Amino acid sequence: MRLPHLLLSSVLVLAPVVATTPASARGTATTVQQQLDALEARVKALEAHDSVLRKQADDAIAAAQAAQAELAAIKAAPPAPVAAVEAPPAAAATGGNANGFNPAISVILNGSYSTHSLDPQHYARAGFPLVDEGGPGPRGLSLGESEISLASNIDEKFYGQLTLTAHSDNGEDHVGVEEAFVDTTALPDGFNLRLGRFFSNVGYLNSHHAHTDNFFDRPLAYQAFLGSQYGDDGAQLRWLAPTDLYLEVGGEIFRGSNYPSGGAEHSGAGVKTLFAHAGGDVGVENSWLAGLSMLKSSANGAADGFSGDSTLYIGDATWKWAPQGNFKDGGVTVRSEFFVDNRDGTAVNPIDDDEPLAWHGARRGAYVEGVYRFNRTWDIGYRVDKLWADRTGPYASAFDPYRNSVELTWRNSEFSLLRLQFSRDEPTADTTDNALTLQYQVSLGAHGAHKF
Amino acid sequence: MNRLILLCTMALCASAFAVPAHANLKVFSCEPEWGALLTELAGDKVDVDVGTSALQDVHVIEAKPSLIAKVRRADLVVCTGADLEIGWLPQLVHQSGNPKIASGAGSFMASDQITTLEKPSQLDRANGDVHPGGNPHFQMDPQRVLAIAKALSARLAQLDGANAATYQQRLADFSARWSAAIPRWEAKAAPLKGRNVVVHHNSWIYLTTWLGMHEIGSLEPKPGVPPTSAHLATLIDTTKAQHTLAIIRAAYQDPKPADWLAERTGVPAVTLPFTVGGDAQSRDLFSFYDSTIDKLLGAAK
């Protein structure tokens, strides 16, 4: 725009200068005329040039304006890359790969070093025979329960999970199927059906895998009445009420081949359970969960020598408090469970197999644990355990075993922890076992989602 | 007598199975920002339960009984996705046994509607808490929020056809107001362009990318790993040298590490709302963006 204007004005300024040429030159009129013609031609040429330049400039302006408009349009419209493309991204990640449907694999590795003031070989608990893994852990270095779990949706109606465990028992390795079950995912109205081998939903800790526990070992009551954790082959029906309050009720039928049952009575349906759990929040910072459960068993030669009918009642309560409800960053968890174990049957007579001893009893057990979490890295916990023995019968005892434990846990991340635990166990009136344990526990692979 | 019993039974059955003609769609939202978006898009046509608050770390929520009860009753679950809720949402879905929200139309993951940034090329937990689906903290990118709003509105209309017209009209209204707000925010945030920030967790990449800011350091040595004093010490020089605007943290994060660094560098520590409800001003999505930019501008003064 500027350039053609300048040219034009310089020509216009030049013109009068040319016109007022001195009179001495008038004699050569033809020459002047020629010069004027030449100048006129030049002016015309410049004018033509000017119009070309103007046109070019206008074109340039138009182009710039178009570009600006385009830019504005681009700015106004949402940028294309933020919206996802039609094809689901997962297809690209696993496209054509047969392993794309592999189940989620998660591995828990767990091991410990323990010192015991009382030789575990000579450990006995007054009123409560030791069953399965219900006694103290081994001395020294040992591999704890390390497990591998595979889980996946089967189709739109079923979900499956398989958990294999490896643990060492007196230097001997054992690999076992801990859980292998199928869950329905499409039953209406809050119903869930589970089939296979799984941990019973009675109590609180029983359905939780040991790697989510706050302490190295299970409470004495779990060891005494459920062999640490009761799992068996069976079926479970669970119903979740459509209420604001969390309310879950359900029942299970198990084969009855594992402690506290045995012998798979009633044609392989020796154990029946009923359970109910309720829970909710109190404000933002408090959450609770409480339950009542019953486990009825008909046993024939259970691991503690019992044959007959037994009913185990469990009451459980958990309270968690955390500032702003950030449970992983600090707070307090308090949990307690109470057990009543009613028995009506016989026990194996250690002296004469043919004359079993009558066993009618009502033993009890309980624990209370509290864990204070300082932050995401550290927590400290205290637990008190107690068992109440029968005063009469084959396992009569005037003494009730008890134990006190403290633990300190350091977590590097969600996936790894080290735990130091000290327990003072008084299993009989005149023995004490002081145990110090250092435990590691890590999880690899798929990110597990834990229960409350 | 028998007829009476029969009648009573029939009446009971009828009342049990009768669904109120215009029962509101029940929506469970994992995070407050999607709860606020649902309010924009659906108003009182849906009942929204928000599972977490701005003062909670949504990476590590517990699968509380109260949340299971909420998911049990939901017709639609609206969450961030990209594995942000992997430690708890699968447990809620599984324990609730609610087939409506387990997959398909009843499961709306915001991350599926957009592209994410910082998708890791290598998955290794030695690099911290990495999300294979990319950085899930995209609630601070207005364009992505708009893309999610469009997809969410369509989903609401799909599940609740009776109110489809309302959803469409409310989306148009929201889009217009949101699209008008974006250039206003950008103009207001112009002084922030090119400025450097130190962040607590890598949750601000969408905000800094949008406003042309630069993230020059993170208080967490690796994503999800709590700040250590050794790592914080290494940040002092960087923070001082690079004319840093602020050390930013979310409302739910521990204020101590940022305060520690602020004290030693003279760079202010600023708490940003991070989501709706993160401060007194952030009552909805618009005021949440306003407050975030205001607080950053406050540090620039």
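1. Which domains does the domain assignment of chain B give, and where do they run? The assignment gives domain 1, covering residues 23-181, and domain 2, covering residues 189-300. Please keep in mind throughout this note that the structure is a predicted model, and that the values discussed below are computed from it.

2. Taken over C-alpha atoms, the centres of domain 1 of chain B and domain 2 of chain B are separated by 25 Å. The two domains are in contact, with 27 residues contributed by domain 1 of chain B and 24 residues by domain 2 of chain B.

3. On the side of domain 1 of chain B that touches domain 2 of chain B, the elements that give two or more residues are helix H2 (32-42) and helix H6 (142-159) of chain B. H2(B) gives the most to this side, with five residues. Sorted by class, the residues of that side of domain 1 of chain B are eleven nonpolar, eight polar and eight charged.

4. A reader may next turn to the contact between the chains, in which 39 residues of chain A meet 36 residues of chain B. On the side of chain A that touches chain B, at least two residues each come from strand E6 (191-199), strand E9 (271-282) and strand E10 (286-300) of chain A. E9(A) gives the most to that side of chain A, with three residues, and the class make-up of the side of chain A that touches chain B is 19 nonpolar, 14 polar and six charged residues.

5. Further along chain A, strand E15 (residues 402-413) and strand E16 (residues 416-428) pair in the antiparallel sense, and eleven bridges are found between them. The two strands form a hairpin, with two residues between E15(A) and E16(A). To locate this pairing in the model, one can look for Arg411(A), whose bridge partner in E16(A) is Leu417(A).

6. How many bridges join E16(A) to strand E17 of chain A? Eleven bridges do so, and E16(A) and E17(A), the latter spanning residues 431-445, run antiparallel. Here too there is a hairpin, which joins E16(A) to E17(A) through two residues. A convenient pair to look up is Arg419(A) and its bridge partner in E17(A), Gln439(A).

7. Read together, the last two points place E16(A) in two pairings, since it pairs with E15(A) in the antiparallel sense and is also joined by bridges to E17(A), again in an antiparallel arrangement.

Notes. Residues numbered from 1 in each chain as written. Chains lettered and ligands numbered in written order. Predicted model: local features only at pLDDT ≥ 70, side-chain atom pairs only at ≥ 80, totals over all residues. Contact = placed C-beta atoms within 7 Å. Helix = DSSP H or I, 4+ residues; strand = E, 2+ residues; numbered from the N terminus. Nonpolar A, V, L, I, M, F, W, Y, C, P; charged D, E, K, R; others polar. Domains from an automatic or database assignment. Pairing = 2+ DSSP bridges.
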